[in-house]
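Please open the model in your viewer with the sequence panel beside it, and keep a selection tool at hand. The stops below are meant to be taken in order, each beginning with something to select.

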Amino acid sequence: MRWFARRLVFYVFALWVAVTLNFLLPRLMPGDPLGGVLARLTPAQIQSNPGIIQTYRDILGGGEGSSLGREYVNYLHHVLTLDFGVSTSNYPSAVTEVVGRTLPYSIFLVGMGFVLAFIVGTAIGMIAAWRRGGSVDNAVVPVMMSLSAFPAFFTALVLVYFLGLKAGWFPIQHAYASDVVPGFNWTFLSSAFRHSQLPIIVITVTFAGGWLLNMRTVMINTIAEDYVAMAQAKGLRDHRVMTRYAGRNAILPPLNGFAAQFATAVGGLVFIEFVFSYPGAGLTLQQAALGADYPLTQALLLVFAVTVIVANLVMDILNLILDPRLRTA
């Protein structure tokens with residue numbers, strides 16, 4: 001509990017730093033973000049939302065006689081109440097509404113793709129190390145390492161061309177078919193899953209090689225330990241020794257890098273969703289930044305930062321469960 005309490009304090013501090021940097025970002029930018037946002041709204045739109053100017057001032061800064069400390073307190077209030085104003089590029093939708101509409105697509109995309117990359121990479125790395133010099137080690141490992149060497153957007157373009165346009169196996173645009181109405185029904189869910197398959201394959205192919213190499217390296221060192229030799233001497237089956245003895249201990253170092261790799265995947269989400277015109281948070285962030293929609297950009301950046309922090313916290317909890325040494329520290 002002491003170890004977990006220290007980690008929790010660290011992540012609370014990291015969250016405060018992320019919120020503070022997000023507060024300072026528009027105030028350090030050249031020009032006047034507040035003026036740019038208000039210039040995109042018509043007088044009728046401003047009159048229909050009496051408090052919109054003050055909300056934007058609290059979030060973006062600006063205005064004569066405004067105090068930075070007062071703006072910071074007001075900004076924290078807006079963050080806690082999830083009030084980021086109205087999106088100028090999606091008017092009259094609120095920023096939270098736009099984020100809530102696009103974020104589930106990205107969560108599903110990155111969640112499925114990254115977890116599959118971790119499972120596939122660690123499993124193949126484990127087998128390649130256990131049977132070093134075999135067919136998996138000599139054929140599968142080089143292929144997967146070569147695929148992981150390319151940037152995600154390049155892999156996406158290649159798979160779109162060959163698997164989407166040429167073979168016609170997967171749809172290559174949008175999150176669901178144009179004639180489907182979004183809703184919690186089988187028609188929409190099946191269409192959404194169908195359209196997410198190729199982006200998930202891209203994420204899996206891009207990140208599986210890193211997990212494979214890491215797991216293979218650690219597994220080779222773990223196989224040389226005495227307790228593995230003792231388990232084999234007892235006559236236990238190879239599969240049990242590989243998974244329950246060697247693999248269980250070898251997976252801890254790769255697991256520690258899960259959150260860092262996840263942050264990389266979140267960062268690359270913008271390019272992947274752009275290639276597939278996938279209406280997730282990554283594509284929305286790009287469109288908001290290009291359209292100078294500062295409130296939406298700021299909210300999405302904060303969501304991405306919180307997502308990475310939460311992922312790190314979850315990995316620490318898993319390490320606490322899997323590694324008995326932390327429970328006795």
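A patch, in the sense used on this tour, is made of residues with over 30% relative accessible area and no salt bridge, with like charges joined within 9 Å and nonpolar side chains joined within 5 Å. With that in mind, and remembering that this is a predicted model, select Arg237, Arg240, Arg244 and Arg248, which form a positive surface patch. Within this group, Arg240 has its place in helix α11, which covers residues 238–250, and at 38% relative accessibility Arg240 counts as partly exposed.

**The whole chain**

Now clear the selection and show the entire protein as a cartoon. What does its secondary structure come to? The protein has 16 helices and zero strands. Of its 329 residues, 42% count as buried, and when contacts with a separation of 6 or more are considered, residues 24 or more positions apart account for 72% of them. If you switch to a surface view, the accessible surface of the protein comes to about 17400 Å², and 67% of this belongs to carbon and sulfur atoms.

**The nonpolar patch and helix α8**

Keep the surface on and select Phe150, Phe153, Phe154, Leu157, Val158, Tyr161, Phe162, Leu165 and Phe271, which form a nonpolar patch with about 870 Å² of accessible area together. Helix α8 provides the largest share of this patch, namely seven residues. One residue to centre on is Val158, which is placed in helix α8 and is partly exposed, with a relative accessible area of 31%.

Next, select Thr155, which is also found in helix α8, a helix that covers residues 152–166. Is Thr155 buried or exposed? Thr155 is buried, its relative accessible area being 7%. Showing its surroundings as sticks, and leaving aside residues up to four places away in sequence, you will find that Thr155 touches Leu147, Phe150, Val202, Val205 and Thr206. Phe150 thus appears at both stops, as a member of the nonpolar patch and as a residue that Thr155 touches.

**Two salt bridges**

How many salt bridges does a search of the whole structure find? The search finds two, and each of them deserves a separate view.

For one of them, select Arg216 and Asp137, whose closest N and O atoms are 2.9 Å apart in a salt bridge. Arg216 lies in helix α9 (residues 186–223) and Asp137 in helix α7 (residues 135–148), so the pair ties together parts that are 79 residues apart in sequence. Both partners fall under the 20% limit that defines a buried residue, since Arg216 has a relative accessibility of 19% and Asp137 has one of 10%.

For the other, select Glu97 and Arg101, whose side chains meet in a salt bridge at 3.8 Å, N to O. Glu97 and Arg101 both lie in helix α6 (residues 95–130), four residues apart, which is about one turn of the helix. Glu97 counts as partly exposed at 45% relative accessibility, and Arg101 is likewise partly exposed, with a relative accessible area of 40%.

**Helix α14 and the residue after it**

As a last stop, select helix α14, which covers residues 281–290, and colour Ala281, Gly282, Leu283, Thr284, Leu285 and Ala288, which are buried. Then move along the backbone to Ala292, just after α14, which takes a positive phi of about 55°.

Note on methods:
Residues numbered from 1 in each chain as written. Predicted model: local features only at pLDDT ≥ 70, side-chain atom pairs only at ≥ 80, totals over all residues. Heavy atoms only, no water. Salt bridge = Lys/Arg side-chain N within 4 Å of Asp/Glu carboxyl O. Helix = DSSP H or I, 4+ residues; strand = E, 2+ residues; numbered from the N terminus. Buried < 20%, exposed > 50% of the residue type's maximum accessible area, 1.4 Å probe, protein only. Areas by Shrake-Rupley, 256 points an atom, 1.4 Å probe, with all protein chains shown as cover. Lys, Arg positive; Asp, Glu negative; His and termini not counted. Charge placed at Lys NZ, Arg CZ, Asp CG, Glu CD. Contact = heavy atoms within 4.5 Å.
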